[in-house]
Amino acid sequence: MTTKKDIETRQDIEAFLIAFYEKVKTDKTIGIIFTEIVAIDWKQHIRLIADFWESILLDNPVYKKNAMEVHYALNRIFPLKQKHFDAWLVSFNDTLDKMYAGDKTELAKKRALSIAMLMEHKMNNSQSDTSII
């Protein structure tokens with residue numbers, strides 16, 4: 001039996017994100033967002049989201065953007081509902097579980113849950129709020 005390592009480096013985060021987005025692109029609930037609704041430069045997107053998760057998981061404050069802003073813009077053209085956040089979270093956790101195990105991995109899951117809950121609440125209850133998560 002092989003023991004999985006924990007998330008330790010930015011490279012670990014990037015590997016996770018690449019696998020995660022490959023899974024998300026084929027998801028029946030949210031795949032359309034990533035393949036048809038939003039034109040994504042994947043190299044740039046992975047780099048930006050890796051900054052976000054590196055800030056959270058590795059305590060390296062490299063993410064300087066407002067995560068809510070882009071999601072509000074998306075919500076205006078494709079209303080994000082609970083089912084979308086649930087599907088995102090399932091794919092996120094499934095991908096993590098296949099790749100990693102440990103304290104940082106568990107922190108990623110906890111933060112992802114908090115982010116999904118907060119975004120869902122803000123998208124569906126306070127459309128004009130643009131605070132930073």
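What is the volume of the largest pocket? In this predicted model, the figure comes out at about 810 Å³.

Let's look at what surrounds that space. The lining takes in 34 residues, and Tyr-21, His-45, Ile-49, Val-70 and His-71 are the ones nearest the pocket centre. Six helices each give two or more residues to this lining: helix 1 (10-25), helix 2 (31-37), helix 3 (42-57), helix 4 (67-77), helix 5 (82-99) and helix 6 (103-125). Sorted by class, the lining of the largest pocket looks like this:

| Class | Residues in the lining |
|---|---|
| Nonpolar | 26 residues |
| Polar | five residues |
| Charged | three residues |

Now for the nonpolar core. The largest one holds 37 residues, and Leu-17, Trp-53, Trp-88 and Phe-92 touch the most other members. Helix 1, helix 2, helix 3, helix 4, helix 5 and helix 6 each put in two or more residues, with helix 3 giving the largest share at seven.

There's plenty to say about rings, too. The aromatic pairs add up to 12. One aromatic cluster is made of Phe-16, Phe-20, Tyr-21, Phe-34, Trp-42, Phe-52, Trp-53, Tyr-63, Trp-88 and Phe-92. Some of these names have come up already: Tyr-21 is among the residues nearest the centre of the largest pocket, while Trp-53, Trp-88 and Phe-92 are among the core residues that touch the most other members. Trp-42, another member of the cluster, has a charged neighbour: Lys-25 sits over the face of its ring, 4.5 Å from the ring centre.

Definitions and conventions:
Residues are numbered from 1 along each chain as its sequence is written. This is a predicted model: local features need pLDDT of at least 70, side-chain atom pairs count only at pLDDT 80 or more; totals for chains, interfaces and linings use all residues. Side-chain values use heavy atoms; hydrogens and water are left out. On a 1 Å grid over the protein atoms alone, a cavity is a set of points where a 1.4 Å probe fits but cannot get out, and a pocket is an open set with protein on both sides within 12 Å along at least five of seven lines; lining residues have an atom within 4 Å of a point. Grid points are joined across faces, edges and corners, and a volume is the space filled by probe spheres set on the points. Helices (H or I, at least four residues) and strands (E, at least two) are DSSP runs, numbered from the N terminus. Ala, Val, Leu, Ile, Met, Phe, Trp, Tyr, Cys and Pro count as nonpolar, Asp, Glu, Lys and Arg as charged, and the others, Gly among them, as polar. Rings of Phe, Tyr and Trp (its six-membered ring) pair if their centres lie within 6.5 Å; planes under 30 degrees apart count as stacked, over 60 as edge-to-face and the rest as tilted. A charge sits over a ring if NZ of Lys or CZ of Arg is within 6 Å of the ring centre and within 35 degrees of the ring normal. A nonpolar core is a set of buried Ala, Val, Leu, Ile, Met, Phe, Trp, Tyr and Cys residues joined through side-chain atoms within 4.5 Å. Buried means under 20% relative accessible area, exposed over 50%, partly exposed in between (1.4 Å probe, protein chains only).
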